[in-house]
Amino acid sequence: MTDFPERLATAIENRREALISLTQDLIRIPTLNPPGQNYRAICSYLAERLGTAGFEVEMIRAEGAPADSTEYPRWNIIARREGAAPGDCVHFNSHHDVVEVGHGWTVDPFGGEVKDGRVYGRGACDMKGGLATSIIAAEAFIEVCPDFHGAIEISATADEESGGFGGVAYLAEKGYFNPERVQHVIIPEPLNKDRICLGHRGVWWAEIETKGRIAHGSMPFLGDCAVRHMGAVLEEMEATLFPLLASKRTEMPVVPEGAKQSTLNINSIHGGEPVQPEDYTGLPSPCVPDRCKITIDRRFLMEEDLKEVKAEVTALLERVKAERPKFEYEIHDLFEVQPSMADREAPVVKTVAAAIEKVLAKQPDYVVSPGTYDQKHIDRIGKLKNCIAYGPGILDLAHQPDEWVGIQDMIDSANVMALTLAELLTQGDSAN
Ligand SMILES: [Zn+2]
């Protein structure tokens, strides 16, 4: 079977129009998150499509997951196609939700317009184009190699943009992602067609609150200003924490370059009286603020330990406390994710790398994402380390106005995916 690449390429080229219309159809179902619209509609559409292609389809609602409600149920779909003999299962996981539209569009965000070799729309690159590409790749592979060994799974899952708890996390808890059922996972996020994304940095979100005492604003000395306490915290961060974070470099191939170190974002700050609506015409009343809160978003590296990451911040608050009489604080954890990174020698990494070389005649770049995506749940809950993100689309276009995905990029990626299936599911007889 030395002509696999050519036969797969022909089968994919024959589906060029189908790939475009599938991408358009998916874009035309606005699956905005929040609130989580049309999840059932997109899963039903895919159930029909994949059922026709010979997949066994399961629709799964993440009942009781965060944000799941009667009005906005969190629907997911998993489709599985068994081969002619036992073997490994290759799973393509895409999220079907998209982020808000925002301003600045020159095309209909849900129109699926095609021009200049691109399909436009919210979700075109992140990641309905990738989902469509994986479906076309699987269909082409099955046509060329109907007697394959093992199984192919394609899932479309909810809520990746808001943490994945009603999607991949839920399915992993239910056993859909585990090393007995699935052996190789490819997440077609828009990482560019010649790059393999091995994983992502870790995350810790927390809320820090400083406390004071309310009093009349004309006699602040009778109160204790929580905002000034927070000012001292921020000063200490500038003086000691930010330089410390900048000094921590990772061996992980994180892109862009600036994310190769530990980072911290102060997501919000609020102290004192609540903010009034914009049309409110009254004046504030004179009070010393007794509470001030910030939310921090700390991204950490493989080389760091989450306990130490937290201890750095506690130590900083203790230093401030030592210098300020009456300084009191509270710190609350909001969210945490461990870093995840597949081994470069993992089977799915090596196979996709070889396929990229064949299709694009170049060595792949290996990257790690600065932010997280559903790989976290597949790794931590599913215990599946043999997992990467690989898909068409330019990462920078994600969440932007006039988002698009290139049609040739999808075709090229479909070739990489189909060749990967050929390598993993035909007992090596495609090796040439
Ligand atoms: Zn995405």
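**Two domains and their sheets**

In this predicted model, 8 residues of domain 1 are in contact with 12 residues of domain 2. On the side of domain 1 that touches domain 2, strand S14 (residues 365-369) gives the most, with 3 residues. By character, the residues of that side of domain 1 divide into 6 nonpolar, 1 polar and 1 charged. The two partners come from the domain assignment of the protein chain, which gives domain 1 as 4-200 + 339-425 and domain 2 as 202-337. Taken over C-alpha atoms, the centres of domain 1 and domain 2 are separated by 37 Å.

A good place to go next is the sheet of four strands. Its 4 strands form an open sheet, and reading across it gives the order S10-S11-S9-S12, with antiparallel pairing. Strand S10 (263-271) and strand S12 (328-337) are the edge strands, each pairing on one side only. On average, neighbouring strands of this sheet are turned by 15 degrees against each other, direction ignored. Helix H7 (residues 306-323) packs on the sheet, where it touches strand S9 (202-211), S11 and S12. The direction of H7 makes about 160 degrees with that of S12. Looking at one pair of strands in detail, S10 and strand S11 (residues 291-300) are joined in the antiparallel sense over 8 bridges. Within S10 and S11, asparagine 265 stands opposite aspartate 297.

The UniProt record offers a helpful landmark here: an unreviewed entry places the feature "domain: Peptidase M20 dimerisation" at residues 199-323. In the model, the span 199-323 is 31% helix and 25% strand, and its end C-alpha atoms lie 41 Å apart.

Another sheet can be followed in much the manner used above. This open sheet has 3 strands in the order S4-S5-S16, and its pairing is antiparallel. Strand S4 (114-115) and strand S16 (404-406) each have a single partner strand, so one side of each is left without a neighbour in the sheet. S4 and strand S5 (residues 118-120) run antiparallel and are joined by 2 bridges. For lysine 115, the bridge partner in S5 is arginine 118. Helix H4 (residues 124-144) lies across S5 and S16, and H4 runs at about 45 degrees to S16.

As general background to both descriptions, strands of a sheet pair through backbone hydrogen bonds, in either a parallel or an antiparallel way. Of these two senses, the antiparallel one is found in the sheet S10-S11-S9-S12 and in the sheet S4-S5-S16.

Technical notes:
Residues are numbered from 1 along each chain as its sequence is written. This is a predicted model: local features need pLDDT of at least 70, side-chain atom pairs count only at pLDDT 80 or more; totals for chains, interfaces and linings use all residues. Two strands pair if DSSP finds at least two bridges between them. Axes are lines fitted to C-alpha atoms, for helices over the stretch in contact, and angles run from 0 to 180 degrees between N-to-C directions. Two residues are in contact if their C-beta atoms, placed from the backbone, lie within 7 Å. UniProt positions are given in the numbering used here, feature names are shortened, and annotations may be inferred rather than shown by experiment. Domain bounds come from an automatic or database domain assignment. Ala, Val, Leu, Ile, Met, Phe, Trp, Tyr, Cys and Pro count as nonpolar, Asp, Glu, Lys and Arg as charged, and the others, Gly among them, as polar.
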